[in-house]
Amino acid sequence: MTDKKVTLTLDSNESAVDLNVLKGTLGQDVVDVRGLGSHGVFTFDPGFTSTASCESKITYIDGEEGILLHRGFPIAELATKSDYLEVCYILLNGEVPTAEQYQQFKTQVTRHTMIHEQITRLFHGFRRDSHPMAVMCGVTGALAAFYHDSMDVNNPRHREIAAFRLLSKMPTVAAMCYKYSIGQPFVYPRNDLSYAGNFLHMMFATPCEEYKINPVLERAMDRILILHADHEQNASTSTVRTAGSSGANPFACIAAGIASLWGPAHGGANEATLHMLEEISSVEHIPEFVRRAKDKNDSFRLMGFGHRVYKNYDPRATVMRETCHEVLEELGMKDDLLEVAMQLEHIALNDPYFIERKLYPNVDFYSGLILKAMGIPTSMFTVIFAMARTVGWISHWIEMHEEGMKIARPRQLYTGYTERKFESKR
Ligand code: CMC
C-alpha cells in the first residue's frame with residue numbers, strides 16, 4: 001500500500017469515500033475499490049481495460065516500453081539463453097533451478113509423458129475433420145476422468161502432481177490431435193528426447209520411417225514454446241483463474257483456458273494471420289488489405305497486429321522474427337509469404353493509422369510462418385500455443401490457490417426490463 005488515497009465523492013449529500021492506492025514492485029499503482037460496493041455503487045469496466053483482477057508475482061509487462069519479464073527475467077534473455085523446461089521451472093517456482101533441480105524437474109516431466117491407453121479410444125469418438133483445438137479442449141477436460149486420484153485442489157502435493165501431469169502430457173495430447181486428423185497411428189513419446197524434440201517426434205515419426213530431428217527446428221520449436229509460455233492476465237489465463245476460483249479441478253480449468261485461447265483475437269490469431277497472408281498472397285495486394293483494415297465499415301483487421309497491453313513492438317515478435325529467418329535459411333526455403341509479411345509490416349509501421357493507434361506486430365505475426373516452414377498445418381498452430389501456455393496457466397492456478405482466493409463473481413450494469421407482470425401468450 002502507498003500513502004496515497006483516492007477520494008471519491010458520490011454526490012454532494014454523501015460523505016466522501018477514501019480508497020487506498022496499492023503499489024506493486026513495478027507498473028502502475030492500483031486503486032483498491034473493494035469496499036465500494038458497501039457504498040451503493042460498483043465500478044464499470046467491461047473488458048477489464050483499467051482493472052487489475054488479481055495480485056501476481058509471475059509475469060510483468062510494460063506495454064509502453066515493450067518489456068516482458070518472467071519472474072524478473074527479460075523474455076529475450078530467456079529465449080536465447082535458456083530452454084523451455086528451465087523457463088517452466090522458473091515460472092512455477094520463481095527461481096532459476098540448480099543443475100540438480102533442473103535434472104530432477106526434467107526427469108519428472110519426461111517420466112509422465114504417456115497418457116492412459118484408454119484415452120486413444122476417446123479420440124475415435126471425434127470426427128476426423130474436427131478442428132484439433134476442439135479435440136484438444138475435449139480430451140484435456142476428459143483427463144480429469146483418468147487422473148482423479150490427485151484432484152484435491154486444497155492439497156499442495158495434489159496440485160503439484162496435477163501440474164506435472166499437465167505439463168508432461170500436453171505435447172502427447174497435442175500430437176495425437178494431429179495424428180488423428182491425418183489418419184496416422186499415434187506415436188508414443190520418447191523420454192530420451194528434449195521436450196521440443198519429443199513433440200516433433202510424436203508429430204512426424206511413423207512406424208515405417210525413422211524421424212531425424214533437425215537441431216535447428218528443435219531449437220526453433222523450443223523458442224516458440226518459451227515465447228508463448230506466459231503472458232500475465234490475458235483472456236485465457238483469466239479464464240483459468242475464474243474457472244479455478246470455484247475450486248474446479250485443474251484439467252477442467254486448463255480445458256477452459258484452451259477454449260478461451262482458441263478465439264482469433266487471442267491465440268487463434270496465429271492461424272488467422274497465416275490465412276490472411278495466404279489471402280493477400282502477393283505484395284501488390286497489400287495496399288488493398290491495409291485499406292480494408294482501416295475502414296470502419298469493414299470488419300477486417302490485420303491479424304498479428306495490435307495488442308491490448310503492448311503499445312510498442314511486442315518483444316516476443318522481435319525474437320520470433322529472427323527465428324523465422326533462421327528456420328527458413330536452414331531449410332533453404334524461400335517463402336513468398338515471408339516477403340508479404342515483411343512488406344506488410346513495413347507498410348503498416350509507416351502508416352499514420354497504425355502509428356496513431358500504436359499497432360505493432362505481435363507474437364503471432366511470425367510464429368505461423370515458422371510453423372508452416374516446419375511442415376505443421378495451420379490448424380495446429382493454436383494447439384501448439386495451448387501446449388506452450390499450459391505452464392503459464394498452471395503457474396497462475398497454483399499461485400491463486402496458494403494465496404487464497406475468492407470466487408470470481410463480477411457484478412453488472414443491468415439495462416434490461418424493470419419488473420413487469422407475466423401473462424402467458426400461449
Ligand atoms: N487491425 C486494424 N485495426 C486495429 C487492429 C488491427 N489488427 N487492432 C486494433 N485496431 C484498431 C481498432 O479498430 C481501434 O480503432 P479505433 O480507435 O479507431 O476504433 C483501435 O485500434 C483500438 O483497438 P481495440 O479493439 O479497442 O483494442 P483492444 O485492446 O480491445 O484489442 C486486439 C486488442 C489484440 C484484440 C486487437 O488489436 C486485434 O484484434 N488484433 C488482431 C488479432 C491479433 O493479432 N490478436 C493476437 C494478440 S497477441 C497474442 C495473444 O495474446 O493471444
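Let me begin at the ligand, where a backbone N or O atom of Gly 304 sits 2.8 Å from one of the ligand's oxygen atoms. Please keep in mind, as we go on, that what you see here is a predicted model.

Two further polar contacts involve nitrogen on the ligand's side: a polar backbone atom of Ala 265 lies 3.1 Å from a nitrogen atom of the ligand, and a polar atom in the side chain of Tyr 353 is 3.0 Å from a nitrogen atom of the ligand. Taken on its own, the ligand has 950 Å² of accessible area, and the protein covers 75% of that.

Which residues, then, are the closest to the ligand? Gly 304, which we have already met, is one of them, together with His 266, Leu 302, Phe 305 and Arg 308, and the ligand is surrounded by 21 residues. If we sort the residues of this shell by class, we find 10 that are nonpolar, 6 that are polar and 5 that are charged.

Now I would like to turn to a pair of helices, namely α7, which covers residues 195-204, and α8, which covers residues 215-227; their axes are 8 Å apart and the helices pack at an angle of about 110°. Because angles from 65 to 115 degrees count as roughly perpendicular, α7 is described as roughly perpendicular to α8.

On the α7 side, the residues that take part are Tyr 195, Ala 196, Gly 197, Phe 199 and Leu 200, and they meet Leu 217, Glu 218, Met 221, Asp 222 and Leu 225 of α8. By class, this contact between α7 and α8 is made up of 7 nonpolar residues, 1 polar residue and 2 charged residues.

Notes:
Residues numbered from 1 in each chain as written. Predicted model: local features only at pLDDT ≥ 70, side-chain atom pairs only at ≥ 80, totals over all residues. Heavy atoms only, no water. Near = heavy atom within 4 Å. Polar contact = N/O pair within 3.5 Å; in protein donor to acceptor, adjacent residues only side chain to side chain. Areas by Shrake-Rupley, 256 points an atom, 1.4 Å probe, with all protein chains shown as cover. Nonpolar A, V, L, I, M, F, W, Y, C, P; charged D, E, K, R; others polar. Axes fitted to C-alpha atoms, helices over the stretch in contact; angles between N-to-C directions. Helix = DSSP H or I, 4+ residues; strand = E, 2+ residues; numbered from the N terminus. Parallel < 35°, antiparallel > 145°, perpendicular 65-115°, else oblique. Contact = heavy atoms within 4.5 Å.
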